[in-house]
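The following note sets out several points on side-chain interactions and exposure. They are offered for consideration alongside the coordinates.

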Amino acid sequence: MGCREVHAATVLAFLSGTAALSGLIAAALLPNWRQMRLCTFNKNEKNVTVYTGLWIKCVRFDGSKDCVIYDTEWYTAVDQLDLRVLQFAVPISMLTTVLALFLCLIGMCNTAFISTVPNIKQVRCLINSAGCHLVAGLFFLLACVICLIPSIWVIFHNQELNKKYEPVFTFDISVYVAIASAGGLLFTAILLFLWYCACKTLPSPFWQPLYSHAPSVHSYASQPYSARSRHSAIEIDIPVVTHAS
């Protein structure tokens with residue numbers, strides 16, 4: 001399949017970006033970023049596990065699937081800096097991913113449905129497929145960085161909490177989901193960059209990120225008319241005779 005058609009790499013990149021966005025949504029909603037396990041030596045009581053998320057907190061007894069305490073206002077009283085940063089980083093990463101997917105979709109639709117011969121009168125308003133995919137790749141890469149760094153910070157911050165207090169803190173499944181989603185965003189960005197590098201060898205007016213001039217103006221437009229062409233009829237000079245008085 002040629003580069004001027006919907007390439008398999010761009011479709012795979014769009015699907016990979018959609019899957020990464022789904023992972024970010026799941027990581028943001030699940031209350032499983034950090035666990036704090038509280039053990040008791042009383043045989044008549046059960047151990048308690050506190051599940052901490054970005055927005056809610058859940059407290060469960062061992063062997064129970066129901067939350068004894070379900071705090072829906074936890075997001076307003078988060079006292080852990082890494083989770084507070086993630087409250088901003090994950091939504092920003094999600095919005096950036098949505099923007100990148102939108103640009104990627106515009107580029108694919110432009111490649112599939114718009115003619116390869118541009119309209120010279122509307123060239124300044126044309127949507128460039130290469131530009132859409134290239135900018136989408138940059139946004140995917142930005143979303144990856146925004147999500148990945150705070151998620152890795154949670155792992156190291158758990159170690160600091162265990163040293164400062166007691167070894168009762170562990171990071172939970174949402175950390176793995178967020179890191180995997182960041183990896184999917186990185187994979188998507190690499191796919192789009194590889195597609196652009198493979199296809200930019202085509203005629204430059206079609207695959208430059210921005211139009212610097214009307215594409216193929218010299219190919220599709222006629223040459224300007226010259227009032228005095230070299231191939232015009234022979235010019236005859238008529239001498240003017242003046243009589244001196």
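1. In this note, contact means heavy atoms within 4.5 Å. The model under review is predicted. On that footing, and leaving aside neighbours within four places in sequence, S181 is in contact with A20, G23 and L24. S181 is placed in helix α4. With a relative accessible area of 5%, S181 is buried, because the cut-off for that class is under 20%.

2. The salt bridge deserves attention. The count comes to 1 salt bridge, and the partners are the side chains of D82 and R34, at 2.4 Å from N to O. D82 belongs to helix α2 (residues 81-113) and R34 to strand β1 (residues 34-38), so the pair ties together parts that are 48 residues apart in sequence. Both ends are buried: D82 has a relative accessibility of 0%, and R34 has one of 1%.

3. The aromatic contacts may be considered next. A pair of aromatic rings is described by the distance of the centres and the angle of the planes. A search of the whole structure yields 2 aromatic pairs. In one of them, Y165 and F169 are tilted, with 6.4 Å centre to centre and 55 degrees between the planes. Y165 is exposed, at a relative accessible area of 51%, whereas F169 is buried, at 12%.

4. F171 and Y176 form an aromatic pair as well, tilted at 55 degrees between the planes and with 5.6 Å centre to centre. Here F171 is partly exposed, its relative accessible area being 28%, while Y176 is exposed, at 52%. Why do the planes of this pair count as tilted? The angle of 55 degrees is neither under 30 degrees, which would make the pair stacked, nor over 60, which would make it edge-to-face.

5. A charged side chain also meets a ring: R60 lies over the face of Y51, at 5.0 Å from the ring centre.

6. Which residues make the nonpolar surface patch of about 500 Å²? The patch is made by L141, V145, I149, L186, I190 and L194. Helices α3 (129-164) and α4 (173-199) each supply at least two residues of this patch. L186 is found in helix α4 and is partly exposed, with a relative accessible area of 36%. Patches are made of residues with over 30% relative accessible area, so L186 meets that cut-off at 36%. Helix α4 thus holds both L186 and the buried S181.

Conventions:
Residues numbered from 1 in each chain as written. Predicted model: local features only at pLDDT ≥ 70, side-chain atom pairs only at ≥ 80, totals over all residues. Heavy atoms only, no water. Phe/Tyr/Trp six-rings, centres within 6.5 Å; stacked < 30°, edge-to-face > 60°. Buried < 20%, exposed > 50% of the residue type's maximum accessible area, 1.4 Å probe, protein only. Lys NZ or Arg CZ within 6 Å of the ring centre and 35° of its normal. Patch = residues over 30% accessible without salt bridge, like charges linked within 9 Å, V, L, I, M, F, W, Y side chains within 5 Å. Areas by Shrake-Rupley, 256 points an atom, 1.4 Å probe, with all protein chains shown as cover. Salt bridge = Lys/Arg side-chain N within 4 Å of Asp/Glu carboxyl O. Helix = DSSP H or I, 4+ residues; strand = E, 2+ residues; numbered from the N terminus.
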